[in-house]
Amino acid sequence: MKRPLVAKKTVLEMVLEWSADRPAWQRDALRRIIAHGRLSEEDVAELVALCKIGRGAPAGDRKAVPLEQPHLPANPDHAESVTLISVADVKGANNLAPAQHLVFEPKGLTVIYGDNGAGKSGYARILKRACRARHAGRIEANVYDDQAPKSASATITFGVGGAAQPAERWQDSPQPHARLSAVSVFDSECASVHLRDKNEVAFRPFGLDVPDELANACQAVKDALAAEQKAIERARNPIFAAPTWKATTAVGKSLAALSATTDIKAIQALGTLSAEEATRLDRLRDDLAKNPAKAAAEQALKADNIKRVIASVSAIAAASSNEALATVSDAAGVSRVKREAARVAAATAFGGEPVVGIGSEVWRTLWETAKSYSTGTAYPGQPFPPTTDGAHCVLCLQPLVPEALSRMARFEDFVRQDTALQAQQADLAATGARKKLNGVAMRTRELKAVLDELAIQDAPLNLRTRRFIASARLRRHLQLQAIDKGEPVALPPASDSPLLVLTDLEASVRKYSQELRQSSGAEERRKLEAELAELTDRALLAGMMPSVLEEIERLKSIRFLSTCAGDTTTNAITKIGNDIADTVITPKMRDRFQEEIVRLAAEKVRVEIVRSGGKYGSPQYQVRLFAKPDAKVHEILSEGERTCVALASFMTELATAGHHSALVFDDPVSSLDHRWRRKVAERLVDESAQRQVIVFTHDLVFVNDLVDRAERSGLPLRLNTVSRGPAGAGHVSDGLPWRAQSVEDRIDKLEKAARAAKALYESNREEEYAAEAARIYNLLRASWERAVEDIAFSRVVQRHRDYVNTKDLKKVSVLTDADCDAFAAGFKRCCDIVDAHDPSGGRNAAAPVPADVLHDIQALKLWASSLRDRQRRVA
């Protein structure tokens with residue numbers, strides 16, 4: 001027995017160790033590759049997202065699951081080799097029927113035969129997912145049953161080191177079973193012969209394709225990122241392709257230099273115009289389109305109008321200030337106090353007079369009027385009251401008697417006293433202050449045209465001015481109302497004065513008028529036009545700010561994708577692939593590969609493993625022809641030859657393992673001719689002497705080759721058939737289907753059927769017995785025919801086989817005339833009973849009794865046994 005070529009570390013363990021410092025998304029990719037083999041489009045899409053997350057994109061619910069030791073297939077030592085015992089009670093796997101029990105031969109060969117669609121591949125898929133397969137694929141749920149589980153499960157029983165383990169309920173998952181991953185599965189998808197660069201066939205033992213698949217994943221991620229980047233590059237806003245701004249302005253220079261690192265705050269500040277800048281833009285736009293002298297005159301007029309507003313606001317501000325209003329209020333207060341003092345003095349002086357109100361303000365007015373009339377008209381040059389004899393009172397026109405003169409003299413003295421004079425002066429001062437306050441115009445009516453023009457230039461300033469005037473008017477009203485009522489008042493605060501802003505505006509407009517007047521000169525006009533261009537582009541930038549911000553984000557996305565693409569380089573992957581290949585593919589392994597090729601194809605396939613260059617993570621070894629190294633191997637090798645090379649590679653890989661765990665082959669010779677089928681059958685049966693081998697196939701010729709080889713080698717053999725039934729596919733039965741059974745197996749089943757028919761006969765169920773007897777004889781006749789092919793002619797010639805087995809021709813020589821006569825008698829007996837054609841209505845022959853049926857079956861049994869004995873003696 002060949003010693004296994006055991007490596008210190010498995011390929012996958014070396015990959016795991018190398019991956020420790022790789023990006024998280026690549027470690028996640030390695031986990032997926034080892035679990036599934038090839039990556040799906042969904043896998044690539046998720047890896048693209050994980051690559052972005054690794055560079056700072058929001059993670060959301062997605063998180064990388066890096067490759068770790070538990071994700072690797074088991075690698076037990078020889079004493080812990082794993083064997084499969086059974087798979088049972090499958091649920092949620094394709095359309096496999098429930099309550100089935102598929103049993104394997106633990107120490108030899110198990111052949112599971114099934115036609116296409118019978119469910120054989122369903123069981124194979126379960127083993128691919130639970131065990132180690134280069135491309136595990138997926139298990140779809142039963143699409144015909146909405147109530148079926150969406151995830152496959154099965155009860156799997158296996159042994160470790162020859163000892164049966166407790167049955168486990170396996171549930172489908174991306175990760176193979178910890179123990180069962182020591183079992184290897186081979187099929188057409190798992191072959192280690194792969195086309196590369198269209199003219200090379202790479203030799204990649206299991207695990208060596210992992211760096212290659214990782215490199216392919218990197219390329220797929222890179223392509224996806226590049227496609228996304230190109231789409232973003234094509235999504236550039238057309239306004240940046242046909243600029244409407246000037247290249248010489250600050251805006252033009254900033255937009256031309258837009259990049260992923262552009263300062264957004266600076267761009268936003270450039271695109272924000274103050275109220276003054278917006279006003280100046282409007283003025284420049286309008287005035288530069290006019291005659292400079294006319295525009296200057298218009299601006300001068302605007303400045304004069306603003307000056308009028310300033311004058312009005314200044315007067316209103318002075319009149320409505322706290323100090324001014326306090327002066328009016330104080331004057332009114334002094335007047336009230338002085339009048340009261342005069343009233344008290346009058347009451348004291350004239351309290352006994354027969355008429356009330358003497359000394360009051362009304363009386364004082366009357367007195368002063370009478371005095372003026374007396375001294376100016378009635379008695380000019382005379383004092384008041386007049387002292388001339390015969391003088392009359394100018395009020396009552398009565399003669400002034402001494403008593404009247406004395407009273408009038410007393411009145412005049414009162415009027416001339418200081419108290420009364422102070423009261424009069426205080427009244428005049430209060431009246432003057434109030435008149436002056438009321439004389440200040442606090443209305444906007446007179447300023448409406450000017451304020452409307454101001455609203456066009458500076459709406460907030462217009463509103464502020466109007467609010468200030470209204471506030472001043474309210475304060476004046478409240479103050480005068482309080483004076484009239486003689487009550488104190490708490491005035492509201494004055495609104496903010498627009499005086500300074502108005503003054504600045506007037507100066508600005510006047511200065512602008514001067515600039516326009518000077519702009520008739522070319523240099524000055526160029527300056528104003530440059531300023532207009534700057535302000536125009538800034539206003540344009542303000543309107544297109546969302547597009548500019550989108551463009552910056554677009555550029556950031558492009559830079560981000562470029563950064564992510566930097567993580568997809570494959571240099572390190574190629575190096576580890578080459579390093580591992582040099583470590584694993586030793587001269588001993590290449591010699592072992594040659595041995596396997598010879599066993600499978602003898603001298604028909606002359607190939608060798610040679611070193612070649614690595615690319616994108618691919619291992620640097622390939623299969624070449626001995627005779628012509630430069631030939632395109634994939635075009636020269638036939639499908640059968642490629643399968644032999646693939647199987648040789650697979651068997652060579654197993655030599656590196658330190659255990660003899662089970663091997664599973666799923667249709668390993670699909671579409672191959674007899675030469676390759678027989679060689680593959682021989683190799684698999686030979687391997688079953690070293691470890692458990694399980695073969696799924698739909699090829700009956702291949703089944704016969706396996707059975708013949710196993711029987712000749714004396715190895716344990718178990719045959720199962722998987723078929724479709726009412727409950728679905730995957731019905732398991734022992735042995736092969738009738739058409740594939742040996743003559744001895746058919747005889748055994750015929751004997752059992754005859755005994756069952758006897759029970760019908762004895763219970764007088766005649767019609768049922770007759771039908772069953774006819775069926776038995778029909779099968780018996782077919783078995784006589786098969787006996788001629790398998791026993792009499794010893795399979796030298798077989799139907800639908802494209803070769804003659806000449807090595808067993810000698811066995812045909814034992815056939816005698818008596819054997820031929822016995823065959824003719826037994827075959828005719830069957831033909832007489834079977835209704836091969838519509839029988840005559842008058843014949844109505846009775847079915848043979850049970851004893852005769854068993855006797856006729858025994859005739860075939862004895863005939864076959866006799867020939868077998870004689871053939872063994874001549875072999």
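# Notebook: lookups in a predicted model

I started with Glu 213, which sits in helix 5 (residues 209–234). This is a predicted model, so every value here is computed from it. Is Glu 213 buried or exposed? It counts as buried, because its relative accessibility is 13% and the cut-off for buried is under 20%. I then listed its contacts, leaving out residues up to four places away in sequence. Glu 213 touches Ile 33, Gly 37, Arg 38 and His 135.

**Whole chain**

I stepped back to the chain. It has 875 residues, and 46% of them are buried. I found 28 helices and 16 strands. Next I took contacts between residues at least 6 apart in sequence. Of these, 74% join residues at least 24 apart.

**Helix 14 against helix 15**

I looked at helix 14 (residues 448–457) and helix 15 (residues 459–485). Their axes lie 5 Å apart and the packing angle is about 145 degrees. Which residues make the contact? From helix 14 I noted Lys 448, Leu 451, Asp 452, Leu 454, Ala 455 and Gln 457. Helix 15 supplies Ala 459, Leu 461, Asn 462, Thr 465 and Arg 466. By class I get five nonpolar, three polar and three charged residues.

I picked Asn 462 of helix 15 for a closer look. Asn 462 is buried, because its relative accessible area is 10%, under the 20% limit. With neighbours within four places in sequence set aside, Asn 462 is in contact with Leu 451, Leu 454 and Ala 455. Those three residues are on the helix 14 side of the contact. I also checked Asn 462 against Leu 502, 40 residues apart along the chain. Their C-alpha atoms are separated by 9.5 Å.

**Nonpolar cores**

The largest nonpolar core has 78 residues. Which residues have the most contacts inside it? They are Phe 665 and Leu 706. I followed Phe 665 outward, again not counting residues up to four places away in sequence. Phe 665 touches Phe 186, Leu 647, Phe 650, Met 651 and Leu 684. Its list also includes Val 693, Ile 694, Val 695 and Phe 696. Another core, of 33 residues, lies apart from the largest one. Among its members are Val 82, Ala 133, Leu 180 and Ile 694. Ile 694 thus appears in my notes twice: as a contact of Phe 665, and as a member of this other core.

**Largest pocket**

I turned to the largest pocket, with about 840 Å³ of space. Its lining has 31 residues. Nearest the centre I find Asp 708, Glu 711, Arg 712, Arg 795 and Arg 868. Which elements give two or more residues to the lining? They are helix 23 (674–688), helix 24 (700–713), helix 25 (743–762) and helix 28 (850–874). Helix 24 gives the largest share, seven residues. I sorted the lining by class: 17 charged, seven polar and seven nonpolar.

**Positive phi**

I checked two residues other than glycine with positive phi. Asp 89 has phi near 50 degrees and lies in strand 1 (residues 82–91). Asp 89 is partly exposed, because its relative accessible area is 29%, between the 20% and 50% cut-offs. Asn 764 has phi near 60 degrees. Asn 764 lies in the loop between helix 25 and helix 26 (766–792). Is Asn 764 buried or exposed? It counts as exposed, because its relative accessibility is 64%, over the 50% cut-off.

Notes. Residues numbered from 1 in each chain as written. Predicted model: local features only at pLDDT ≥ 70, side-chain atom pairs only at ≥ 80, totals over all residues. Heavy atoms only, no water. 1 Å grid on protein atoms, 1.4 Å probe; cavity = no way out; pocket = protein on both sides within 12 Å on 5 of 7 lines; lining within 4 Å. Points joined across faces, edges and corners; volume = space filled by probe spheres on them. Helix = DSSP H or I, 4+ residues; strand = E, 2+ residues; numbered from the N terminus. Nonpolar A, V, L, I, M, F, W, Y, C, P; charged D, E, K, R; others polar. Axes fitted to C-alpha atoms, helices over the stretch in contact; angles between N-to-C directions. Contact = heavy atoms within 4.5 Å. Core = buried A, V, L, I, M, F, W, Y, C linked by side-chain atoms within 4.5 Å. Buried < 20%, exposed > 50% of the residue type's maximum accessible area, 1.4 Å probe, protein only.
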